[in-house]
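Reader: I am new to reading protein models, and I would like to go through this one with you, step by step. Could we begin with how two helices meet?

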Amino acid sequence: MATLGNPQETIAVLQKYGFNFQKKFGQNFLIDTHVLDKIIAAAEIGPDDFVLEIGPGIGTMTQYLAEAAREVTAVEIDRNLIPILDDTLSEYSNVTVINEDILKVDIAALAREKNGGRPIKVVANLPYYITTPIIMGLFESDVPLSSITVMVQKEVADRMQTGPGSKDYGALSLAVQYYAKPYIVANVPPNCFMPRPAVGSAVIRLTRHEKKPVEVKDAKFMFKLIRASFNQRRKTLQNGLHNSGELQIPKEKVVKALEEMGLPASIRGEKLDLAQFARLADLLME
Ligand code: SAM
């Protein structure tokens with residue numbers, strides 16, 4: 001039975017080991033069983049699943065995951081948490097803890113070893129200082145993946161889910177939506193964590209597309225274009241792409257491509273959706 005997930009037990013474990021929170025590791029531990037139940041339900045974990053957990057902390061969510069999944073591997077950077085995890089997870093024979101920086105782990109190799117190369121599920125209450133590198137690293141590498149269900153900063157969840165026309169729309173929205181379908185499962189206030197974070201949080205599920213939503217000849221080039229467009233958000237696309245250090249595309253070329261797409265020469269990048277960026281990338285490559 002999962003024993004953690006409430007303030008009393010969490011405090012008891014932390015005191016038993018004299019644990020000191022490390023701000024640099026983004027340590028905000030969950031102390032709300034309702035939120036934990038919601039995360040597990042949204043991740044749709046079944047008894048055949050292999051789950052990768054990033055940053056188990058004292059093992060609160062790990063206990064829930066171990067009860068729902070076939071096998072769990074949890075990667076934790078803070079070595080002071082390892083003896084605590086040995087203790088809180090001692091009842092579970094289907095959990096492996098790796099003391100490592102997740103950004104240095106070969107996750108594709110882990111999926112091969114633990115799941116025969118079949119798609120894995122990633123579930124985590126993420127350390128907020130490395131949310132984007134973790135998520136983009138998972139999508140851009142060869143990791144076989146079916147979904148990522150994670151707690152992130154609320155503002156970041158909004159950016160991942162939104163489309164053109166919103167102030168939150170940007171390169172992250174397009175990058176995430178190229179690989180996955182985002183769905184915000186719940187907003188989570190600071191009092192569900194110990195210590196309380198300074199920002200609001202949200203649980204988001206990213207279900208990986210089986211087939212990409214758009215076809216593009218060179219996705220890397222499209223993302224360069226997207227980054228350049230949003231780097232200079234307030235400029236028109238023709239000025240932004242012309243002035244971008246990385247691309248420096250002649251203005252006439254951009255205007256001609258926009259014309260072919262039936263878009264005005266004065267349009268800004270923030271008005272284009274993913275399909276339009278894909279088309280623009282293909283036209284500019286010609
Ligand atoms: N899962 C726990 C919970 O929900 O209570 C803890 C979540 S806490 C927000 C983030 C966890 O990620 C911490 O335990 C922290 O030490 C760990 N962490 C931070 N950076 C990491 C990294 N680069 N690789 C692996 N774990 C990391």
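Reader: Which residues of H7 meet Leu172, Ser173, Val176 and Gln177 in H8?

Author: The model is predicted, so local features need pLDDT of at least 70 and side-chain atom pairs 80 or more, while totals for chains, interfaces and linings use all residues. Residues are numbered from 1 along each chain as its sequence is written, and side-chain values use heavy atoms, without hydrogens and water. Helices are DSSP runs of H or I with at least four residues, strands are runs of E with at least two, both numbered from the N terminus, and contact means heavy atoms within 4.5 Å. On the H7 side, the residues that meet those four in H8 are Val156, Arg159, Met160 and Gln161.

Reader: What kinds of residues make up the contact of H7 with H8?

Author: Ala, Val, Leu, Ile, Met, Phe, Trp, Tyr, Cys and Pro count as nonpolar, Asp, Glu, Lys and Arg as charged, and the others, Gly among them, as polar. Sorted in this way, the residues of the contact are four nonpolar, three polar and one charged.

Reader: Which atom of the ligand lies 2.9 Å from a polar side-chain atom of Gln27?

Author: A polar contact with the ligand is a pair of N or O atoms within 3.5 Å. Asp101 has a side-chain N or O atom 2.9 Å from a nitrogen atom of the ligand, and a backbone N or O atom of Ile77 lies 3.3 Å from a ligand nitrogen. For the side chain of Gln27, the partner in the ligand is an oxygen atom.

Reader: Where is Pro195 placed, and is the peptide bond from Met194 to Pro195 cis or trans?

Author: Most peptide bonds are trans. Pro195 sits in the loop between strand E8 (193-194) and strand E9 (201-208). With omega near -15°, the bond from Met194 to Pro195 is cis.

Definitions and conventions. A polar contact is a pair of N or O atoms within 3.5 Å; within protein, one must be able to donate a hydrogen and the other to accept it, and residues adjacent in sequence count only if both atoms are side-chain atoms.
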